[in-house]
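This report covers the strands of one model and then one of its helices. Please have the sequence and the structure open while reading.

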Amino acid sequence: MGVHDHAEIATRLRAAGIPVTLQRLAIAGLLFREPIHITAEQLLKQVKRNAPETSRATIYNTLRLFAEKGLIKGLVVQPERVVFDSNTQPHHHLYNAETGELTDLPADAMKVVGLPPLPEGTEIHQVDVIVRIRRERAH
C-alpha cells in the first residue's frame, strides 16, 4: 500500500476506472496510506477533519464504489457492523467481539479443509475467514 500523495492516489483511482474528485482523494488518502480496518462512521469522522463538507452518503457511496472496483473489501463482522479493509491481498482475520478490534492473519496462518461441493459451472473466487475471539470465560 503506502500511497501517500494526491497524484499517486489519483493515478490509482483512474487505473480502477474511478473519476477523481476532491472528496474521493480525501477518502482514498486515509484508506491507502497504510493497511486499515475502518467503519464508514469512523472514516466519516476522519475525513470531515480535512473536508468538513463531506456527507455520510458520499462516504457510503465511495466505499461501495471502491469495493466494487476491488480497491477495498467490506467485512461483515456483526450483522449491523461492516468494517472496510484496505488490504486486498489474500488473508484472514481475528475479530475481538468484546473490543471490536480486527487483526489481519496471513493467508498461510490457516488452512481451510473440506470446502463444499460447488454448483455446476462455478468456481471458488475467494474464501474469507473471520475468527471471532473473546476473553476466556471462567468455568
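## Terms and basis

Two strands count as paired if DSSP finds at least two bridges between them. Helices (H or I, at least four residues) and strands (E, at least two) are DSSP runs numbered from the N terminus.

The model is predicted, so local features need pLDDT of at least 70 and side-chain atom pairs count only at pLDDT 80 or more, while totals for chains, interfaces and linings use all residues. Residues are numbered from 1 along each chain as its sequence is written, and side-chain values use heavy atoms, with hydrogens and water left out.

## The sheet

Three strands make up an open sheet with antiparallel pairing, in the order 1-3-2. Strand 1 (37–38) and strand 2 (73–78) are its edges, each pairing on one side only.

Strand 2 and strand 3 (residues 81–85) run antiparallel and are joined by five bridges. L75 is found opposite V83 of strand 3.

## Helix 1

Helix 1 spans residues 6–15, and I9, A10 and L13 in it are buried (under 20% relative accessible area, 1.4 Å probe, protein chains only). These residues lie on the same side of helix 1 because they cover an arc of only 100 degrees around the axis, taken from the directions from the helix axis to the C-beta atoms. Helix 2 (22–32) and helix 4 (56–68) are among the elements that cover them, with contact meaning heavy atoms within 4.5 Å. A7, T11 and A15, on the other side of helix 1, are exposed (over 50%).

## Ends of helix 1

At the start of helix 1, the backbone nitrogen of A7 has a side-chain oxygen of D5 within 3.0 Å. G17, just after helix 1, takes a positive phi of about 80 degrees.

Terms used. Polar contact = N/O pair within 3.5 Å; in protein donor to acceptor, adjacent residues only side chain to side chain.
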